[in-house]
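Hello,

Here is the structure I promised to pass on to you. Have a look at it first, and then read on for what turned up when I went through it.

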Amino acid sequence: MKETLKNTLDKPIVLVGMMGVGKSRLGQALAHALEIEFFDSDALVEERAGRSIPEVFEEFGETKFRQAERNAIFDLLEKGPCVIATGGGAVTTPETLKAIKDRAVSVWLQADLKTIMARVAENEDRPLLQTEDPEGTLKGLMQARESLYAQADIHFDTSLGEPNKLTKALIKSLCEYCNVG
Ligand code: S3P
């Protein structure tokens, strides 16, 4: 099944969803299982800017970050079959969302607010959450973005279990979507 999916795939698999939902972790596991390359749009923005994401936000602001993110994703979409993890806000740039929908199999990784909050609480590398009320901010972002994430081809619940089980379930969803038996 996995082999057939790999052979059928003629475009990238793009993971979208809120920060802390596990796009990079699950994306790496998926790419490893399918023996295809993994890319991370945030990592490419950082590499090109020679700065961390918080530094990019601080020095250039969110608008410039979104442009750099758009450019990174457009370039990654040219890579052919691979797995691409995107930053949580990538879908808020209409051009980026359209390109993802047109040129990839898109997957919305879902988790509830509590789970996401627990995952992002420990580090300070999310500039948008450096507010008085991170949980309220996160909730607002989730609500504002839901209808954008929902445009993805596949909706995938990440609360299903441990990483191995999740990777297998995601492969199953992709096979169903791609009509691979
Ligand atoms: C952002 C999510 C981050 C990163 C930036 C902005 C967002 O990526 O791109 O901090 O707007 O939700 P992750 O989703 O990988 O944390």
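To start you off while the structure is on your screen: does Gly-89 count as buried or exposed? Please keep in mind throughout that this is a predicted model.

Gly-89 counts as buried, because its relative accessibility is 5% and the cut-off for buried is under 20%. You will find Gly-89 in the loop between β3 (83–85) and α5 (94–103). From the C-alpha atom of Gly-89 to that of Asp-75 the separation is 17 Å, with the two positions 14 residues apart along the chain.

**The ligand and its surroundings**

Now to the ligand. It sits in the largest pocket, with 14 residues around it. The closest of these are Lys-23, Asp-42, Arg-66, Gly-88 and Arg-145. By character, the shell around the ligand divides into six nonpolar residues, three polar ones and five charged ones. Helix α4 (residues 53–76) provides the largest share of that shell, namely four residues.

Which polar atoms of the protein lie at 2.7 Å or 2.8 Å from an oxygen atom of the ligand? Three such pairs are worth picking out in your viewer:

- Arg-66: an N or O atom in its side chain is 2.7 Å from a ligand oxygen atom.
- Asp-42: here too the side chain is involved, with an N or O atom 2.8 Å from an oxygen atom of the ligand.
- Gly-88: a polar backbone atom lies 2.8 Å from a ligand oxygen atom.

How much of the ligand does the protein bury? Taken alone, the ligand exposes 390 Å², and the protein buries 93% of that.

Arg-66 has a further partner within the protein. Its side chain makes a polar contact with the side chain of Glu-69, at 2.9 Å. Glu-69 lies in helix α4, and with a relative accessible area of 1% Glu-69 is buried.

**Ser-41 and Gly-87**

Please also look at Ser-41, which has its place in helix α3 (residues 41–49). Its relative accessible area is 0%, so Ser-41 is buried. A polar atom of the Ser-41 side chain lies 3.2 Å from the backbone nitrogen of Gly-87.

**From β1 through α2 to the loop that follows**

Ile-13 lies in strand β1 (residues 13–16). This isoleucine is buried, with a relative accessible area of 0%. Its C-alpha atom is 10 Å from that of Ile-36, and the two residues are 23 apart along the chain.

In helix α2 you will come across Leu-34. Leu-34 is buried too, at a relative accessible area of 2%. Leu-34 and Lys-23 are 16 Å apart in space, C-alpha to C-alpha, and 11 residues apart in sequence. You have met Lys-23 already, as one of the closest residues to the ligand.

What about Glu-35: is it buried or exposed? Glu-35 has a relative accessibility of 57% and therefore counts as exposed, since the cut-off for exposed is over 50%. Its place is in the loop between α2 (23–34) and β2 (38–40). The backbone of Glu-35 deserves a look as well: phi is near 55 degrees, a positive value in a residue other than glycine.

**Towards the end of the chain**

For Asn-179, phi is also near 55 degrees, and again the value is positive in a residue other than glycine. Asn-179 lies in the segment after α8 (163–177). At 73% relative accessibility, this asparagine counts as exposed.

One more stop is Ala-118, in helix α6 (residues 113–120). Ala-118 is partly exposed, because its relative accessible area is 46%, and partly exposed covers the values between the buried and exposed cut-offs. The C-alpha atoms of Ala-118 and Glu-135 are separated by 10.0 Å, with the two residues 17 apart along the chain.

If you open the ligand site, Asp-42, Arg-66 and Gly-88 are among the residues to display, as all three are listed with the closest ones. Adding Glu-69 will show you the 2.9 Å side-chain contact to Arg-66.

Happy browsing, and best wishes

Notes
Residues are numbered from 1 along each chain as its sequence is written. This is a predicted model: local features need pLDDT of at least 70, side-chain atom pairs count only at pLDDT 80 or more; totals for chains, interfaces and linings use all residues. Side-chain values use heavy atoms; hydrogens and water are left out. A residue is near a molecule or strand if one of its heavy atoms lies within 4 Å of it. A polar contact is a pair of N or O atoms within 3.5 Å; within protein, one must be able to donate a hydrogen and the other to accept it, and residues adjacent in sequence count only if both atoms are side-chain atoms. Accessible areas come from the Shrake-Rupley method with a 1.4 Å probe; for residues, only the protein chains shown count as cover. On a 1 Å grid over the protein atoms alone, a cavity is a set of points where a 1.4 Å probe fits but cannot get out, and a pocket is an open set with protein on both sides within 12 Å along at least five of seven lines; lining residues have an atom within 4 Å of a point. A molecule sits in a cavity or pocket if more than half of its atoms lie within 2 Å of its grid points. Helices (H or I, at least four residues) and strands (E, at least two) are DSSP runs, numbered from the N terminus. Ala, Val, Leu, Ile, Met, Phe, Trp, Tyr, Cys and Pro count as nonpolar, Asp, Glu, Lys and Arg as charged, and the others, Gly among them, as polar. Buried means under 20% relative accessible area, exposed over 50%, partly exposed in between (1.4 Å probe, protein chains only).
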